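Grab a pen and open the viewer. Here are some exercises to work through, with solutions you can check yourself against.

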Protein chains: 2
Amino acid sequence: MSGKRVAVLGATGLVGREMLLTLEQRNFAVSELVPLASARSAGKTVRFKGQDVTVREVNENAFKDVDIALFSAGGKPSRQWAPIAARSGAVVIDNSSAWRMDPEVPLVVPEINGEDVKWNKGIIANPNCSTIQAVVALYPLHKAAGLEYINISTYQSVAGTGIVAVDELAQGAKEVLDEKEPAPGVYPHRIAFNLLPHIGAFDDQGVSEEEWKMVNESRKIMHLPDLKVSGITVRVPVFRGHGESVVAQFKREITPDEAREILRNAPGVIVVDDPKNAKYPMPIDAAGKDEVLVGRIRKDTGLDRALAMWVVGDNLRKGAALNAVQIAELL
Amino acid sequence: MSGKRVAVLGATGLVGREMLLTLEQRNFAVSELVPLASARSAGKTVRFKGQDVTVREVNENAFKDVDIALFSAGGKPSRQWAPIAARSGAVVIDNSSAWRMDPEVPLVVPEINGEDVKWNKGIIANPNCSTIQAVVALYPLHKAAGLEYINISTYQSVAGTGIVAVDELAQGAKEVLDEKEPAPGVYPHRIAFNLLPHIGAFDDQGVSEEEWKMVNESRKIMHLPDLKVSGITVRVPVFRGHGESVVAQFKREITPDEAREILRNAPGVIVVDDPKNAKYPMPIDAAGKDEVLVGRIRKDTGLDRALAMWVVGDNLRKGAALNAVQIAELL
């Protein structure tokens with residue numbers, strides 16, 4: 001039997017399910033699928049290639065003979081199980097933030113720094129959703145004109161938080177429309193018809209974890225340790241797909257036409273840019289798509305040698321599952 | 001009978017109603033209220049100080065003996081009727097964009113450039129909602145440290161579009177929750193659980209009217225003709241209250257603590273800034289409030305001598321009706 005033995009840890013979560021779907025859709029050569037989860041979810045089944053496969057509990061022996069282990073179970077399980085899986089001989093592709101800034105661990109977006117998988121020591125990190133879609137759009141422009149500074153404001157959907165947040169938005173919206181006040185749940189305040197400038201914990205300077213990911217992961221993926229990055233990350237009442245307002249300043253002048261031409265030929269990007277005919281990227285169009293949508297490309301009104309643009313990606317696909325499977329394909 | 005004869009053109013709209021409420025709440029000395037509207041709405045009644053007042057059709061004679069005319073009827077009626085009202089001896093305070101950039105017309109935020117009302121020639125312009133809340137937060141910091149550059153990404157609620165958009169969001173959200181696809185209405189695409197980087201018409205460079213308002217009105221109000229302004233304006237599925245991600249670069253270093261101290265003492269501002277305890281500005285807290293809420297104040301991660309912050313204001317109150325009534329109070 002050819003193909004790889006592929007384990008998926010966190011197989012019952014939103015990203016885990018999307019990983020199974022992506023493996024299937026991309027015809028990844030899977031000789032055996034090993035869905036894994038915590039004791040709580042073990043025994044459930046997941047659907048893969050028309051079959052129900054029973055989810056096993058993750059333990060010390062779960063990674064025996066596994067070639068590739070896709071992890072999407074959060075930081076704590078990842079810190080616990082990734083070294084064990086790697087010692088068992090698997091290559092772990094981890095979707096949590098646990099290993100991303102470890103200098104021994106490559107942080108990879110295949111379109112940008114695919115060659116970094118070569119120096120992996122058993123763990124490869126999958127970047128944060130909001131970072132991936134930004135760098136997929138920015139890196140081709142960097143190659144042409146040299147990035148100096150970026151400012152990103154995110155408009156992030158609840159799917160990034162998980163299934164419980166998707167339910168909370170739907171339930172909360174229903175309650176608000178019925179003139180009831182929703183109780184807070186996974187978020188500290190209601191998300192329905194509201195905005196929360198709060199993704200991850202805050203440090204003493206008042207910067208959130210998600211904001212630091214944007215800064216540090218962008219630098220690591222693009223090999224630009226001195227890139228200047230401003231940003232805020234905001235949760236918005238959208239189910240799936242993140243929006244990003246991006247201003248990028250370059251070493252040399254680059255026109256919107258030149259940028260559109262570069263991005264039309266860039267891997268993983270679709271240019272949607274005809275605002276006069278109301279054509280621009282929107283979350284409802286990005287959901288389920290592999291590509292990052294880029295539009296509203298214009299000369300920035302404030303800075304010299306700068307472009308402004310609007311970038312939308314499916315945070316579960318390219319922002320998580322697809323990028324992880326693309327890394328697996330490189331191996 | 002003391003007090004002023006006050007006409008309100010567009011009295012049945014969202015902002016018009018908020019103007020009546022604001023006149024009442026601030027005990028503005030109104031000797032007679034003259035609610036005006038197009039033929040379509042004439043004959044309706046509006047509520048003012050416990051009375052029903054009949055809306056009259058606007059015409060050449062409607063402004064006779066009117067002292068102050070608050071306009072909130074859109075650009076076209078404003079271009080038509082403001083000169084007529086001014087010739088009748090009224091001072092027009094206009095909420096549309098028709099006169100804002102006219103060099104003969106002051107554009108006023110009372111906390112910032114109240115003295116500009118003195119050189120009015122019968123028309124005073126009320127700035128755009130998203131501009132007002134930004135400059136109320138930025139101007140006190142400018143006075144302390146000298147603004148050089150601002151980058152603003154907006155998260156704008158549907159109330160700015162009018163009653164029909166509020167209904168469209170509610171109806172659209174209901175349909176999406178019922179797994180139906182809402183038909184587009186006042187917006188070119190559905191707004192429920194979606195993001196539209198589209199407010200106003202686009203120019204040939206791909207910049208929207210709302211984005212140019214942010215650039216040009218900020219400069220005019222703060223008397224900073226050379227201020228560099230980057231920005232995007234985005235409609236989000238929120239009923240009322242706009243959010244803004246702001247990065248501001250100054251001539252001299254200013255610390256977050258210093259900025260908080262300045263803003264705590266600034267007129268029209270409430271500092272809400274304790275992110276570790278999940279306290280930051282949100283639209284659900286700003287709705288109905290006169291003040292602009294400012295929080296997430298932090299050293300910007302990208303630029304030198306720069307602060308980042310998150311600003312939320314009620315676009316119908318300070319963003320429109322309240323600012324107009326405050327201008328009337330200056331007269």
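What follows is a set of exercises on this predicted model, each with a worked solution.

**Exercise 1: A parallel sheet**

Task: Work out in which order the six strands of the open sheet in chain A lie, and which strands stand at the edges.

Solution:
- Step 1. Read across the sheet: the order is 5-2-1-6-7-8, and the pairing is parallel.
- Step 2. Look at the two ends. Strand 5 (56-57) and strand 8 (123-125) of chain A each have a single partner strand, so one side of each is left without a neighbour in the sheet.
- Step 3. Zoom in on one pairing. Strand 1 (residues 4-9) and strand 2 (residues 30-37) of chain A are joined in the parallel sense by six bridges.
- Step 4. Pick out one bridge there: Val6(A) has Leu33(A) in strand 2 of chain A as its partner.

**Exercise 2: A hairpin**

Task: Find how strand 3 and strand 4 of chain A pair, and how many residues sit between them.

Solution:
- Step 1. Strand 3 (residues 45-48) and strand 4 (residues 51-54) of chain A run antiparallel, with four bridges.
- Step 2. Two residues separate these strands, and the pair makes a hairpin.
- Step 3. Check the turn: Lys49(A) has a positive phi of about 50 degrees.
- Step 4. For a cross-strand match, find Arg47(A), which is opposite Asp52(A) in strand 4 of chain A.

**Exercise 3: A mixed sheet**

Task: Now move to chain B and find the strand order and the edges of its open six-stranded sheet with mixed pairing.

Solution:
- Step 1. Going across, you meet the strands in the order 10-9-11-14-13-12.
- Step 2. Strand 10 (228-235) and strand 12 (269-271) of chain B are the edge strands, as each pairs on one side only.
- Step 3. Neighbouring strands in this sheet are turned against each other by 20 degrees on average, ignoring direction.
- Step 4. Take one pairing from chain B: strand 9 (residues 147-156) and strand 11 (residues 242-250) are antiparallel and share eight bridges. Here Ile150(B) faces Ala248(B) in strand 11 of chain B.

**Exercise 4: Aromatic pairs**

Task: Classify the ring pairs Tyr155(A)–Trp310(A) and Phe239(A)–Phe193(B), and say which parts they link.

Solution:
- Step 1. Start with the total: there are seven aromatic pairs over all chains.
- Step 2. For Tyr155(A) and Trp310(A), the ring centres are 5.0 Å apart and the planes are at 80 degrees, so this pair is edge-to-face, given that angles over 60 get that label.
- Step 3. Tyr155(A) belongs to strand 9 (residues 147-156) and Trp310(A) to strand 14 (residues 306-313) of chain A, so the pair links distant parts of the chain, 155 residues apart.
- Step 4. Buried or exposed? Tyr155(A) is buried at a relative accessible area of 0%, and Trp310(A) is buried at 0% too.
- Step 5. For Phe239(A) and Phe193(B), the centres are 4.5 Å apart with 35 degrees between the planes: a tilted pair.
- Step 6. Phe239(A) sits in the loop between strand 10 and strand 11 of chain A, and Phe193(B) in the loop between helix 5 and helix 6 of chain B, so this pair joins two chains. Both Phe239(A) and Phe193(B) are buried.
- Step 7. One aromatic cluster consists of Tyr155(A), Trp310(A), Tyr155(B) and Trp310(B).

**Exercise 5: Unusual phi angles**

Task: Explain what stands out about the backbone of Ala278(A) and Phe193(B).

Solution:
- Step 1. Recall the rule: most residues other than glycine have a negative phi.
- Step 2. Ala278(A) isn't a glycine, yet its phi is positive, about 60 degrees. You'll find Ala278(A) in the loop between strand 12 (269-271) and helix 8 (283-286) of chain A.
- Step 3. Phe193(B) isn't a glycine either, and its phi is positive at about 50 degrees.
- Step 4. Check burial, for which the cut-off is under 20%. Ala278(A) has 14% relative accessibility, so it counts as buried; Phe193(B), at 4%, counts as buried as well.

**Exercise 6: A pocket and a cavity**

Task: Describe the lining of the second largest pocket and of the largest cavity.

Solution:
- Step 1. The second largest pocket has a volume of about 1,100 Å³. It is lined by 44 residues, and the closest to its centre are Ser72(A), Ala73(A), Gly74(A), Gly160(A) and Thr161(A).
- Step 2. Sort that lining by class: 17 nonpolar, 20 polar and seven charged residues.
- Step 3. The largest cavity has a volume of about 30 Å³. Its lining residues include Arg298(A), Asp300(A), Val207(B) and Glu211(B).
- Step 4. By class, the cavity lining has two nonpolar, two polar and four charged residues.

Technical notes. Residues numbered from 1 in each chain as written. Chains lettered and ligands numbered in written order. Predicted model: local features only at pLDDT ≥ 70, side-chain atom pairs only at ≥ 80, totals over all residues. Heavy atoms only, no water. Pairing = 2+ DSSP bridges. Phe/Tyr/Trp six-rings, centres within 6.5 Å; stacked < 30°, edge-to-face > 60°. Buried < 20%, exposed > 50% of the residue type's maximum accessible area, 1.4 Å probe, protein only. 1 Å grid on protein atoms, 1.4 Å probe; cavity = no way out; pocket = protein on both sides within 12 Å on 5 of 7 lines; lining within 4 Å. Points joined across faces, edges and corners; volume = space filled by probe spheres on them. Nonpolar A, V, L, I, M, F, W, Y, C, P; charged D, E, K, R; others polar. Axes fitted to C-alpha atoms, helices over the stretch in contact; angles between N-to-C directions.
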